[in-house]
Amino acid sequence: MKRVSSQEELNAILEVRKQVFVLGMNISKEDEIDEYDTFPSLCHHYAIMDDGVIVGTVRVLPIDDTTVRFQRFAVLESKRGKGLGRKAFEQLAEIYKDKNIWFHAMAYLENFYKSLGYLPRGPYFDECGIRHIEMYKNL
């Protein structure tokens with residue numbers, strides 16, 4: 001995993017998100033792309049790599065001095081099941097170990113996130129037509 005540092009890398013992760021969310025899950029492009037992609041200096045984009053190729057992504061939005069929010073976590077379908085997402089989340093937990101972390105998880109992935117030490121909070125809710133739950137890990 002590496003932090004995105006060029007427009008080319010940003011374009012590559014946006015293509016991954018298009019493949020996963022827009023084409024794969026029928027989420028509208030308007031819901032998928034937002035101001036944090038137009039002005040990426042507002043957040044941190046990370047590329048999940050496999051053999052030097054960008055195959056996934058996660059976006060980290062600083063909320064305040066103590067909290068970050070993980071967003072837009074995606075791995076290309078053809079690369080799932082290889083442990084790339086787990087490794088990325090473990091690396092992010094190390095990078096942001098001094099922060100409270102929270103995110104909206106697709107409900108079917110709740111147990112995956114629990115296995116990484118995140119806890120569910122609150123009721124299930126709909127986001128872009130998909131059932132979600134908030135997950136968190138505090139300092």
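Two rings of Phe, Tyr or Trp count as an aromatic pair if their centres lie within 6.5 Å, and the pair is called edge-to-face when the planes are over 60 degrees apart. In this predicted model, a search of the whole structure on that basis finds 12 aromatic pairs. In one of them, phenylalanine 89 and phenylalanine 103 meet edge-to-face, at 5.5 Å centre to centre and with 70° between the planes; this pair links distant parts of the chain, since phenylalanine 89 belongs to helix H4 and phenylalanine 103 to strand E5, 14 residues apart. Phenylalanine 103 has a relative accessible area of 2% and is therefore buried, and it also forms an edge-to-face pair with tyrosine 113, at 4.7 Å centre to centre and with 65° between the planes. Because phenylalanine 103 lies in strand E5 and tyrosine 113 in helix H5, this second pair ties together parts that are 10 residues apart in sequence. Ring pairs join these residues into a cluster whose members include Phe89, Phe103, Tyr113, Phe70 and Phe73.

Some of these residues reappear at the largest pocket, which has a volume of about 720 Å³: of its 33 lining residues, Phe21, Phe73, Ala74, Met106 and Tyr113 lie nearest its centre. Strand E4 gives the largest share of the lining, seven residues, and the lining as a whole divides into 18 nonpolar, six polar and nine charged residues.

Helix H1 also supplies at least two residues of that lining. Its 19 residues, 7-25, should span 27 Å at 1.5 Å a residue, which agrees with the 25 Å between its end C-alpha atoms, although H1 bends by about 35° at lysine 18. Among the buried residues of H1 are Leu10, Ile13, Val20 and Phe21, and just after the helix asparagine 26 takes a positive phi of about 60°.

Note on methods:
Residues numbered from 1 in each chain as written. Predicted model: local features only at pLDDT ≥ 70, side-chain atom pairs only at ≥ 80, totals over all residues. Heavy atoms only, no water. Helix = DSSP H or I, 4+ residues; strand = E, 2+ residues; numbered from the N terminus. Expected span 1.5 Å × (residues − 1). Bend = angle between axes of the 7 residues up to and from the residue. Buried < 20%, exposed > 50% of the residue type's maximum accessible area, 1.4 Å probe, protein only. 1 Å grid on protein atoms, 1.4 Å probe; cavity = no way out; pocket = protein on both sides within 12 Å on 5 of 7 lines; lining within 4 Å. Points joined across faces, edges and corners; volume = space filled by probe spheres on them. Nonpolar A, V, L, I, M, F, W, Y, C, P; charged D, E, K, R; others polar. Phe/Tyr/Trp six-rings, centres within 6.5 Å; stacked < 30°, edge-to-face > 60°.
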